[in-house]
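This report covers a contact between chains, a pair of packed helices and a few individual residues. The sequence and structure come before the discussion.

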Amino acid sequence: MISDLFTTTVLVGILASGFRLATPYLYAALGETFGQKSGVLNLGVEGIMLLGAFAGFYVSFTTDNLWLGLLAAMLVGAVMGLLVAIINVTLKAEQGISGIGVYLFGLGMSDLLFQMTMGTVETVKGFAPIHIPVLSDLPIVGEIFFQQNLLVYIAYALVPISWFVLNKTNFGLKIRAVGENPEAADSLGVSVNTVRYLTSILGGILSGIAGASLSIALLNVFQQNLTSGMGFIAVALVYFGGWRPAGVLIGSLIFSMVNALQLWVQVLNIPIPSDIAIMMPYLLTILALVVAVQRVRPPTALGKPFERGE
Amino acid sequence: MQSLFNKYPKLWRIFDILLPFFATLAALAVGAVMLIFLGANPFEAYGALLEGAFGNINALADTLVKATPLLLVALGICIAFRGGVLNIGGEGQLVVGALASTLIGLSFADAPGTLIIPLALLSGFLAGAIWGAIPGLLKAYFNVNEILSTIMMNAIAVQGMNYLLREPMIDPVQLESASRIPQTARLAVAFDLPRLIPTRLHLGFGLAILAAILVYIFLWRTVIGYRIRAVGLNAFASRYAGIKVSRYIVLSMLLSGAFAGLAGAIQVYGLHHRMFTDGSATGFTGSAGFNGIVVALFGHLHPLGSIPASILFGALIVGANKLQRVMQVPTAFITALNGLVVIFVVSSEYWRRRWARRRETEPVEKPPGATEAEVAT
């Protein structure tokens with residue numbers, strides 16, 4: 001039965017769904033990269049993703065307009081990002097703990113709203129696959145890369161965009177300065193906290209989209225704990241990727257491929273208990289962290305609130 | 001305000017202690033707004049909460065029962081925090097502790113309780129220690145962020161639990177029935193922890209109090225405890241003083257996990273008498289692994305301060321469950337409220353730090369969560 005895995009159809013299927021499933025990781029982890037580069041660790045990504053997933057789904061479901069759904073997810077994400085900034089930047093809370101609070105709040109709140117407004121699991125017709133002319137007709141490659149929906153394409157487009165913003169723009173320079181040496185940045189007139197507010201809100205928006213990409217583009221349902229740990233893995237992917245968009249891309253792809261493989265193992269009835277199969281990405285995360293952190297150093301001020309010297 | 005506090009320095013101390021209460025009240029106030037949206041009367045709801053927590057002897061006993069795992073987890077958090085590491089892995093450590101102890105009870109069903117109970121509690125303690133030591137080792141020797149690794153360890157423990165309870169450890173009765181509820185058989189009645197009074201209150205609470213005293217003595221009256229605190233306060237200085245920092249980081253995490261594991265074992269032997277899962281960690285732990293962190297913060301990261309903090313938080317949980325039953329509010333509300341309490345309590349530390357800085361005459365203790373740089377300023 002293991003040999004079932006090695007037919008062309010299955011392999012292409014795994015690669016195509018792996019390419020697709022990297023989407024939520026990419027949004028969430030790229031958003032978190034901005035935050036961490038500026039020195040803010042937002043551990044509550046999972047909770048924001050859940051709220052975004054619900055908002056996106058509910059608005060799409062009731063208005064029949066996916067764009068409004070996406071906008072709702074972004075708005076909810078922005079509000080949560082602002083909340084995270086207030087807690088972590090202004091109130092200088094211990095970021096490892098406040099993130100757990102944001103997670104629990106998002107987990108409970110998204111479920112509560114879901115039960116109040118809908119109650120039963122419904123489906124929406126999510127973003128449809130866009131067949132890119134010519135390219136999508138290519139054998140194998142076409143099916144894997146060029147028959148995906150819009151949110152998938154945008155997620156991949158964000159990788160070079162994030163790289164450009166972080167490394168080639170004035171704003172990116174400020175983000176890195178604030179994350180590496182907030183005192184120096186401050187003395188040069190950069191408002192440390194303003195930059196951190198902006199990156200937190202940006203991270204929130206992208207986490208919201210990450211959630212919506214699940215609920216209105218990939219899975220097209222909402223249910224309790226839809227994200228099941230993806231947000232936490234996204235935070236780990238930022239470390240794994242060495243705080244670089246390209247590294248995040250590689251990490252996201254590895255993870256989503258493992259996930260896709262795990263799903264197909266279940267589909268093909270290969271006798272590995274599903275609970276054990278689900279465990280694999282987490283084990284892999286720990287191993288990946290061991291390998292990754294030996295190479296790069298985190299932003300110096302990561303997790304440290306800025307205190308102007310008196 | 002300022003002059004008032006200067007005149008009565010003791011007021012600071014009282015405000016320090018009351019701060020988390022205010023934070024919790026603020027969280028409950030936000031919860032009240034949510035309740036109004038849910039169509040429930042918040043006064044009625046919080047009345048039900050209070051009555052559920054303290055209304056009668058049974059409610060009071062339940063509060064202490066709920067406080068037990070919280071206190072044990074909090075003790076571990078105190079050790080970790082004092083050692084300069086953040087243990088977010090209480091959930092997973094609690095789960096593996098419960099699993100290990102259940103395994104002992106199921107394997108030796110005919111053995112006498114006097115032998116099995118200590119053995120089971122010890123196995124829970126050890127399993128939690130191993131689960132905590134792994135992130136500790138990764139942190140000390142591979143520089144892996146312990147926040148991330150403990151979160152992953154939580155997920156691994158939960159999946160392991162789901163697998164074990166669905167397949168090898170499942171109750172044979174469930175195996176026959178169509179529903180196949182993922183839980184083990186009930187442990188032998190001989191293994192039940194003794195009850196303290198004719199309520200659900202069991203010996204576990206007494207053990208947790210005893211553990212709190214022992215942890216206090218350990219941290220402040222032994223050399224090893226002193227070194228753990230030294231590493232937490234200033235790892236660099238400790239290294240120059242000849243303390244093997246890596247080793248003490250591992251030890252802090254190991255002990256932190258061990259107390260969470262013990263909490264898991266006590267939950268099984270004192271309360272549930274079996275292990276069960278609803279697929280998530282919360283189903284079994286009730287988020288005690290996370291809430292223990294808040295309890296520790298509440299108690300000023302002090303083992304003895306954690307005792308009243310755990311009772312208060314236990315009351316909140318028991319009361320919230322009552323609220324949910326009486327007012328027909330979904331359980332999800334409790335989870336969200338729980339998150340709000342975590343956010344508010346951890347954010348309120350801001351004021352404690354500010355006040356601490358203003359008190360020039362008293363020595364400034366390292367506030368929880370502050371970095372070395374902050375204490376130095």
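Helices here are DSSP runs of H or I with at least four residues, numbered from the N terminus. By that numbering, A:Ala185 lies in helix H8 of chain A, which covers residues 182-187. The model is a predicted one.

**Two buried residues of chain A**

A:Ala185 has 24 other C-beta atoms within 10 Å and is buried, because the cut-off for a buried residue is 20 or more. Leaving aside residues up to four places away in sequence, A:Ala185 touches A:Lys174, A:Ala177, A:Val178, A:Val190 and A:Val192. A:Ser274 lies 89 residues from A:Ala185 along the chain, and the C-alpha atoms of the two are separated by 49 Å.

A:Phe114 belongs to helix H4 of chain A, residues 95-117. A:Phe114 is also buried, with 23 other C-beta atoms within 10 Å. Its contacts, again without residues up to four places away in sequence, are A:Phe54, A:Phe222 and A:Gln224. A:Phe114 and A:Phe222 are 108 residues apart in sequence, yet their C-alpha atoms are 8.1 Å apart in space.

**Positive phi in chain A**

Most residues other than glycine have a negative phi. A:Val134 departs from this, with a positive phi near 65°, and A:Asn220 has a positive phi of about 60° although it is not a glycine. A:Val134 sits in the loop between H4 and helix H5 (141-145) of chain A. The loop that holds A:Asn220 runs between helix H9 (192-218) and helix H10 (230-240) of chain A.

The C-beta neighbour counts of the four residues are listed below.

| Residue | C-beta neighbours within 10 Å | Class |
|---|---|---|
| A:Ala185 | 24 | buried |
| A:Phe114 | 23 | buried |
| A:Asn220 | 16 | partly exposed |
| A:Val134 | 9 | exposed |

**A helix pair in chain B**

Two packed helices are described by the angle between their axes and the distance between the axes. In chain B, the axes of helix H5 (residues 90-107) and helix H12 (residues 245-272) come within 7 Å and cross at roughly 50°. H5(B) and H12(B) are therefore oblique to each other, and the crossing is right-handed.

On the H5(B) side, the residues that meet H12(B) are B:Gly90, B:Gln93, B:Leu94, B:Val95, B:Val96, B:Gly97, B:Ala98, B:Ser101 and B:Thr102. Among their counterparts in H12(B) are B:Gly257, B:Ala260, B:Gly261, B:Gly264 and B:Tyr269. The residues of this contact of H5(B) with H12(B) comprise 10 nonpolar, 9 polar and no charged.

**The contact between the chains**

Chain B gives 45 residues to the contact and chain A gives 43 residues. In chain B, helix H6 (113-142), helix H7 (146-166), helix H14 (288-298), helix H16 (331-358) and helix H17 (372-376) each supply at least two residues of the side that touches chain A. The largest share of that side, 13 residues, comes from H16(B). By residue type, the side of chain B that touches chain A divides into 26 nonpolar, 15 polar and 4 charged.

H16(B) has 28 residues and reaches 42 Å from its first C-alpha to its last, close to the 40 Å expected at 1.5 Å a residue. Of the 28 residues of H16(B), 20 are buried, so this helix is largely enclosed by the rest of the structure.

Definitions and conventions: Residues are numbered from 1 along each chain as its sequence is written. Chains are lettered from A and ligands numbered from 1 in the order in which they are written. This is a predicted model: local features need pLDDT of at least 70, side-chain atom pairs count only at pLDDT 80 or more; totals for chains, interfaces and linings use all residues. Two residues are in contact if their C-beta atoms, placed from the backbone, lie within 7 Å. Ala, Val, Leu, Ile, Met, Phe, Trp, Tyr, Cys and Pro count as nonpolar, Asp, Glu, Lys and Arg as charged, and the others, Gly among them, as polar. Axes are lines fitted to C-alpha atoms, for helices over the stretch in contact, and angles run from 0 to 180 degrees between N-to-C directions. Angles under 35 degrees count as roughly parallel, over 145 as roughly antiparallel, 65 to 115 as roughly perpendicular and the rest as oblique. A crossing is left-handed if the near helix is turned anticlockwise from the far one by less than a right angle, and right-handed if clockwise. The expected span of a helix is 1.5 Å times one less than its number of residues. A residue is buried if 20 or more other C-beta atoms lie within 10 Å of its own, exposed if 12 or fewer, and partly exposed in between; C-beta atoms are placed from the backbone.
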